[in-house]
Amino acid sequence: MTFFAYPWLLTLLLPALGLIAYYCFFKPQPGIIVAETDSFQPINKKRLSWKTAPVAAIMTSLALLLLTVALARPRIGDEKFAIRNKGIDMIMVLDVSGSMQAIDVPENITSSAALEQALKSGKLKNRLDAAKSELTRFIKARPNDRIGLIGFAEYGYNLSPPTLDHDWLTAALEPLEPGIIGDATGIASATASAITRLDKSTAPRRVMVLFTDGKNNVNHRLTPLATAELAKEKNILIYTVGIGGNNAFVYQESIFGNRYVRYPGEFDEKLLQDMANITGGKYFRAADEQAMNSVMQEINALEKTNFEQPRYIEYREYAPTLIAIAAVLLIMAVISKNTFERSIP
């Protein structure tokens with residue numbers, strides 16, 4: 001938007017216009033105007049040439065108008081908002097054990113050939129790839145939150161602390177493969193690691209989201225429920241997501257040929273429900289990729305970032321430009337007055 005800092009000063013344009021009118025039309029003019037050393041022109045010549053036009057008066061008048069407008073400080077303002085995040089620090093705890101290679105197959109796919117085609121076209125993914133896709137979408141939808149990542153199998157591995165560098169975070173997700181760090185499922189180690197990270201955070205709200213498709217089958221010093229109690233003490237909320245449905249398959253290579261074999265779901269739904277309930281969180285079931293998408297949308301809606309938007313306006317001032325132009329016009333007027341507009345009284 002364009003406006004003036006001191007619009008009332010534009011009233012000075014009226015006396016300025018009056019002064020210009022007097023200077024150009026009412027002030028007594030010299031009898032003869034001489035341009036350099038040229039011969040006198042016939043005084044009865046009717047056509048006005050550029051040599052006899054009141055060039056200096058015109059430039060002085062324009063300079064006066066520009067200076068008057070400059071006094072009012074014309075400027076363009078760009079309205080901006082400074083977003084100040086009040087803070088959610090979040091850690092995604094993602095199961096990367098071997099069982100995450102399982103593929104949750106929709107009921108409309110009834111043959112190995114159709115399954116192969118769906119996998120090749122990208123319409124269907126294994127559990128880990130589906131989770132990675134939805135996590136990437138979730139991360140990009142929350143630019144104002146610090147989000148971290150822990151991958152786990154038997155033990156938890158810190159892949160990223162809570163960060164606002166979401167490009168780096170999604171890059172850390174990309175190379176993860178099922179079984180990359182083992183086949184066991186140690187939930188307690190991963191959640192304890194996430195609690196340690198979040199306990200160092202100064203954000204007013206701290207959240208952990210646990211994704212797994214397997215039962216806890218590793219004995220650590222702490223149990224998963226004990227880590228949930230610890231999270232409650234430290235005011236850390238836990239959401240749990242059980243991944244997998246009843247129509248899952250894994251690719252198996254054998255001496256009898258390569259084929260897809262049925263893989264039974266085996267995550268401990270009650271454990272995940274209890275962990276979420278202890279901290280005041282919520283348990284979700286993601287039976288397939290579409291369900292995972294719905295889960296992430298719901299978590300996104302539950303964990304809205306609180307932020308304020310102080311309004312400020314950034315100005316671009318035009319007064320210095322107008323003053324510079326007026327100065328050039330005045331210099332040109334002086335030059336004109338003392339060269340081709342020299343007069344004989």
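Contact here means heavy atoms within 4.5 Å. Helices (H or I, at least four residues) and strands (E, at least two) are DSSP runs, numbered from the N terminus. This is a predicted model: local features need pLDDT of at least 70, side-chain atom pairs count only at pLDDT 80 or more, and totals for chains, interfaces and linings use all residues. Numbering starts from 1 along each chain as its sequence is written, and side-chain values use heavy atoms, leaving out hydrogens and water.

**View 1. Helix α3 lies across three strands.** Look for α3 at residues 112-121, lying across β6, β11 and β12. Helix α3 runs at about 95° to β12 (axes are lines fitted to C-alpha atoms, for helices over the stretch in contact, with angles from 0 to 180 degrees between N-to-C directions).

**View 2. Here's the open sheet, in the order β6-β11-β12.** Its three strands pair in the antiparallel sense (a pair needs at least two DSSP bridges between the strands). β6 (103-104) and β12 (259-263) stand at the edges with a single partner strand each, so one side of each has no neighbour in the sheet.

**View 3. Now zoom in on β11 and β12, an antiparallel pair with five bridges.** Strand β11 covers residues 248-252. Pick out Q252 and you'll find its bridge partner, R259, in β12.

**View 4. Helices α6 and α7 come within 8 Å, axis to axis.** α6 spans residues 187-199 and α7 residues 224-233, and their axes cross at roughly 15°. In α6, I187, A188, T191, A192 and I195 meet P224, T227, L230 and A231 of α7.
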